[in-house]
Amino acid sequence: MSTTSDSGSGTTARVLRLLDLLQSRPVWSGTELADRLGVTTRSVRRDVERLRDLGYPVNAAHGAGGGYQLGAGRRLPPLLLDDTEAVAVAVCLRLAAGGTVEGLGEAAVRTLAKLDQVLPGRLRAQVEAIHEATVTLDGGAAPVDAATLLLLARACRETERVTFAYAGPRGSGERRVEPYRLVATGRRWYLLAYDLDREDWRTFRLDRMADVEARGWRFRPRDAPDAAEHVQRAISRDAYDHVARVRIEAPKSSVDQQVPPSVGTVTADGPDRCIFEAGGNHLGAMAMHLGALPWEMTVLDPPELREVMREQASRMLRAAGDPATG
């Protein structure tokens, strides 16, 4: 059995290889590790101590069935992946970023951005090939290019200005922004950014972006609003011609279960009531959606919405053949 010098880069490489082996299966005997590393069992013991000195708990048990085992510590050790494992993780992260795994979208993008930064070109090409050959049934979610997600995630992390062409509901044009956070709603991705030309915070839908570029201009971070609250308000109220304000005779917790955050905001109004606010461009459609909610309610604003709801209620009663309506 050959031995390896215990100095310099050889020791570092061997310790990393030892960590990789300990991550690959629950328990290794000292002899097995020595054979894999090409060293003596004494060198294995020294390398285990080096890992412990770095803060990674390596448990050792003697006797039959004993051996070395990587335990749970206070911090996550570096994850060492071979080519196949790296491709598998990247593909799964792309699927999660696309919304196929509930609640993992934003975390998946952050992780994918880190992995993509160090992924060799040949492996990145394999990930792209698998991604292009895969189709998911996404339930109507707006598709977003993975490369755009990665570019924006990196720009948020590196505080780098971004430019893009944007097709918004009130016109199209080029935008120059300082990106801060990506926000996923389950169906769509949004970017919270400071618009340099409008000198204000704006919310942008990623599926309306094109020609996204980060040109290397860094910026000093500003005091940013809460990303989730800002995006929720922007997509449920600020972008619409009308804002409905309704008192619902139900606890906030009950309404939250049936009304997604992207639809409107719900604020408690005592233990058994809440205030629901939502935006819309057509009062008739707003009245129809409110009428579908299963609770007693009172329309507080706008007065025009109350009149539209009265007209719709009269038409429904006539359609049902209510004699009181003639």
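How many of the 7 residues of strand S10 (residues 274-280) are buried? The count is 7 of the 7, so strand S10 is largely enclosed by the rest of the structure. Buried means under 20% relative accessible area, exposed means over 50%, and partly exposed lies in between (1.4 Å probe, protein chains only).

This is a predicted model: local features need pLDDT of at least 70, side-chain atom pairs count only at pLDDT 80 or more, and totals for chains, interfaces and linings use all residues. Residues are numbered from 1 along each chain as its sequence is written, and side-chain values use heavy atoms, with hydrogens and water left out.

## The chain as a whole

The protein chain has 11 helices and 11 strands. Both are DSSP runs numbered from the N terminus: helices are H or I with at least four residues, strands are E with at least two. Of the 326 residues in the protein chain, 35% are buried. The accessible surface comes to about 19100 Å². Carbon and sulfur atoms hold 50% of that surface. Such areas come from the Shrake-Rupley method with a 1.4 Å probe; for residues, only the protein chains shown count as cover.

Contacts tell of the fold along the sequence. Among those between residues at least 6 apart, 58% join residues at least 24 apart. A contact means heavy atoms within 4.5 Å.

## Strand S10 and its partners

S10 is covered on both faces. Cys 274, Phe 276, Ala 278 and Gly 280 are buried on one side. Ile 275, Glu 277 and Gly 279 are buried on the other. Cys 274 has a relative accessible area of 0%.

Two strands pair if DSSP finds at least two bridges between them. Strand S8 (residues 242-248) pairs with S10 in the antiparallel sense over 7 bridges. Within this pairing, Ile 248 has Cys 274 as its bridge partner in S10. Strand S9 (residues 265-268) also runs antiparallel to S10, joined by 4 bridges. There, Thr 267 stands opposite Ile 275. The hairpin of S9 and S10 has 5 residues between the strands, and in this hairpin Gly 270 takes a positive phi near 95°.

S8 has a further link. It is joined by 4 bridges to strand S11 (residues 297-301), and the two run antiparallel. Arg 245 takes part on both sides: its bridge partner is Glu 277 in S10 and Asp 301 in S11.

## Backbone exceptions

Most residues other than glycine have a negative phi, and most peptide bonds are trans. The table lists two residues with a positive phi.

| Residue | Phi | Place | Relative accessibility |
|---|---|---|---|
| Thr 159 | near 45° | loop between helix H7 (146-158) and strand S3 (160-168) | 17%, buried |
| Asp 211 | near 55° | strand S7 (residues 209-218) | 61%, exposed |

Neither Thr 159 nor Asp 211 is a glycine. A cis bond appears as well. The peptide bond from Asp 301 to Pro 302 is cis, with omega near -10°. Pro 302 sits in the loop between S11 and helix H11 (303-319).

## Cysteines

How many disulfides are there? The count comes to 0. A disulfide is a pair of cysteine sulfur atoms within 2.5 Å. Cys 156 is buried, at a relative accessible area of 16%. Cys 274, in S10, is buried too.
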